[in-house]
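Open the model in your viewer and keep the selection tool ready. The tour goes from the whole chain to single residues.

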Amino acid sequence: LRLADAHARVPLLKRAPVARAWKVRSGGVWYETWDAVPEQVQASTRVQRTMFPPPAAQLDAYNIDLCIRVLPHHQNTGGFFVALFEKVEEPGPDVETTAGAEPANLDEVGSLAEDGDEA
C-alpha cells in the first residue's frame with residue numbers, strides 16, 4: 001500500500017492543514033518532545049513515546065500532507081482524519097487477508113462525493 005492524494009476526491013470538503021507538530025499534556029504540564037518528559041513520567045503508562053510527532057524528515061517521508069484533516073466547526077461535522085491508500089501490489093503469502101472481502105471501487109466513491117451524495 002502507499003498513501004495517495006485524498007484532496008482531489010473531495011474537492012468541496014473544507015479542510016485544515018495536517019498537523020505536523022503538537023504537544024502532549026500530562027499532569028498539567030505540556031511537553032513538546034519525548035526527551036523533555038521526565039523519567040518518572042516516562043515510566044508511567046500515561047505518556048508514551050508514540051504520542052509525540054516523529055521528526056520532520058520522517059513526516060516528509062510519510063507524505064502526510066496527502067491526507068485531509070477535517071475540523072468540526074468548518075462545516076458542522078465531526079472532526080476526522082482522512083487517509084487514502086492505494087494498493088500497488090498484491091500482499092505476500094505471509095500477510096493475512098479477510099476471506100471473501102470485496103475491494104472498494106474508489107472511482108464510484110469519488111463520483112458519489114462529487115455529486116453531493118453521501119459516500
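Two residues are in contact when heavy atoms lie within 4.5 Å. By that test, residues 24 or more positions apart account for 59% of the contacts in the protein with a separation of 6 or more.

**Whole chain.** Colour by confidence, since this is a predicted model. The average pLDDT is 81, and 81% of the residues score at least 70. Among the elements, strand E3 (residues 29-31) has the highest mean pLDDT, 95. Helix H4 (residues 106-114) has the lowest, 46. Now select residues 109-119. Here the pLDDT is below 50. Beyond near neighbours in sequence, this stretch has eight contacts in the model.

**Elements.** Switch to cartoon. Four helices and six strands appear. From the start of the sequence to its end, the pattern reads β-β-β-α-α-β-α-β-β-α.

**Surface.** Turn on the surface. The accessible area of the protein comes to about 9200 Å². Carbon and sulfur atoms supply 53% of that area. Of the 119 residues, 17% are buried.

**Nonpolar core.** Hide the surface and select Val24, Tyr31, Trp34, Val37, Val41, Val47 and Phe52. These seven residues form the largest nonpolar core. In soluble globular proteins, nonpolar side chains tend to be buried together. Centre on Val24. Leaving aside neighbours within four places in sequence, Val24 is in contact with Val29, Trp30, Tyr31, Val47, Met51 and Phe52.

**Aromatic pair.** How many aromatic pairs does a search of the whole structure find? The search finds one. Select Trp34 and Phe52. Their ring centres are 6.3 Å apart and their planes meet at 65 degrees, so the pair is edge-to-face; the cut-off for that class is over 60 degrees. The pair links distant parts of the chain, with the two positions 18 residues apart in numbering. Trp34 is in the loop between E3 and helix H1 (39-43). Phe52 is in the loop between H1 and helix H2 (56-62). Both Trp34 and Phe52 are buried.

**Ser26.** Last stop: strand E2 (residues 24-26), where Ser26 is found. Is Ser26 buried or exposed? Its relative accessible area is 10%, and the cut-off for buried is under 20%, so Ser26 is buried. Show its contacts, leaving aside neighbours within four places in sequence. Ser26 is in contact with Tyr31, Val41, Arg46 and Val47. Of these, Tyr31, Val41 and Val47 also belong to the largest nonpolar core.

Technical notes: Residues numbered from 1 in each chain as written. Predicted model: local features only at pLDDT ≥ 70, side-chain atom pairs only at ≥ 80, totals over all residues. Heavy atoms only, no water. Buried < 20%, exposed > 50% of the residue type's maximum accessible area, 1.4 Å probe, protein only. pLDDT = per-residue confidence, 0-100. Areas by Shrake-Rupley, 256 points an atom, 1.4 Å probe, with all protein chains shown as cover. Phe/Tyr/Trp six-rings, centres within 6.5 Å; stacked < 30°, edge-to-face > 60°. Core = buried A, V, L, I, M, F, W, Y, C linked by side-chain atoms within 4.5 Å.
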